[in-house]
Amino acid sequence: MASLSSIASPPSLSSAHHNASTRLILRTPNSLKLRTRPNSLRVRAITLTQDDLKKLAADKAVESVKSGMVLGLGTGSTAAFVVAKLGQLLSSGELSDIIGVPTSKRTEEQARSLGIPLSVLDDNPRLDLAIDGADEVDPDLNLVKGRGGALLREKMVEAASDRFVVVVDDTKLVEGLGGSGLAMPVEVVQFCWKYNLVRLQELFKEEGCDAKLRLDESGKPYVTDNSNYIVDLYFKTPIRDALAAGSEISALEGVVEHGLFLNMATSVIIATKSGVEVKNK
């Protein structure tokens with residue numbers, strides 16, 4: 001912005017005689033600098049926790065639930081968000097006349113506390129939909145489940161369902177089952193459990209498998225809802241042929257069930273920090 005910095009000194013009489021008017025000289029000083037303060041907007045990034053991601057996936061899965069359905073209620077931290085959402089929708093009247101078939105005593109207790117009507121497979125042998133979490137998901141939507149200890153009841157209920165929707169966050173994705181290096185559970189009878197632990201480890205010695213009896217917080221053997229023990233298998237490399245592995249495990253006397261859920265999931269809902277993705281069979 002220009003400024004009036006000086007006025008010329010009055011002209012002499014002689015110059016006034018030759019010039020009838022004076023001239024104003026407008027100058028912009030070199031030292032004048034206009035300073036502007038840029039507008040700055042600070043945006044604090046929102047960091048989603050793993051529980052936030054699980055809840056996102058759970059809420060998306062519950063969108064598939066309709067009034068009047070018979071539902072398989074899974075077990076674990078992600079499934080707990082599903083059960084909580086169902087209880088909320090029942091309480092608000094947005095859902096009605098649903099029946100839940102729980103896959104564990106923990107889930108049964110949670111569902112009862114939320115007023116969700118419950119049943120069992122004996123009375124409802126076919127279910128419309130089951131929703132549960134998973135410990136691992138491979139590119140073909142095969143799963144490892146059961147680190148929560150409910151693999152037998154989970155597999156029974158989910159196999160009886162017309163649709164099985166799995167809810168996970170993206171940390172559960174693997175290229176091959178067993179690839180996370182975490183437990184792949186096998187439920188065994190208590191009788192001669194050590195005998196079966198050794199046989200399971202020998203079965204997968206080429207994969208560098210380590211078999212361990214699961215213990216509870218007090219250091220005693222973990223006991224399932226079905227009064228069995230769990231042998232956890234830890235693989236150094238992914239299982240090369242999951243179908244063959246499942247068949248070989250099931251063929252061992254004293255094995256009740258294993259945590260390989262193969263060709264069972266119809267959809268997998270994956271929550272990531274950038275959004276929710278749905279994969280269908």
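This is a short talk about a sheet in our structure and the helices that sit with it.

Okay, so keep in mind that we're looking at a predicted model. Let's start with the sheet. Six strands make an open sheet, and the order is S2-S1-S3-S6-S12-S13, with mixed pairing. S2, residues 99-102, and S13 are at the edges with a single partner strand each, so each has one side without a neighbour in the sheet. From one strand to the next, the twist averages 20°.

Now, which way do S1 and S3 run? They're parallel: S1 is residues 70-73, S3 is residues 129-132, and three bridges join them. If you want a spot to click on, Gly 72 has Ala 130 in S3 as its bridge partner. Helix H3 packs on this sheet and touches S1, S3 and S6, the strand at 164-169. The direction of H3 makes about 145° with that of S1.

Over at the S13 edge, S12 (267-272) and S13 (275-280) pair antiparallel over six bridges. They form a hairpin, with two residues between the strands. There, Ile 269 is bridged to Val 278 in S13.

Back to H3, residues 77-92, because it also packs against H2, residues 50-62, at about 50° with the axes 8 Å apart. That makes the two helices oblique to each other, and H2 passes H3 in a right-handed crossing. Who makes the contact? From H2 we have, among others, Lys 54, Ala 58 and Val 62, and from H3 the list includes Phe 81, Leu 86 and Leu 89. The contact residues split into six nonpolar, two polar and five charged.

Methods
Residues numbered from 1 in each chain as written. Predicted model: local features only at pLDDT ≥ 70, side-chain atom pairs only at ≥ 80, totals over all residues. Heavy atoms only, no water. Axes fitted to C-alpha atoms, helices over the stretch in contact; angles between N-to-C directions. Helix = DSSP H or I, 4+ residues; strand = E, 2+ residues; numbered from the N terminus. Parallel < 35°, antiparallel > 145°, perpendicular 65-115°, else oblique. Left-handed = near helix turned anticlockwise from the far one by under 90°. Contact = heavy atoms within 4.5 Å. Nonpolar A, V, L, I, M, F, W, Y, C, P; charged D, E, K, R; others polar. Pairing = 2+ DSSP bridges.
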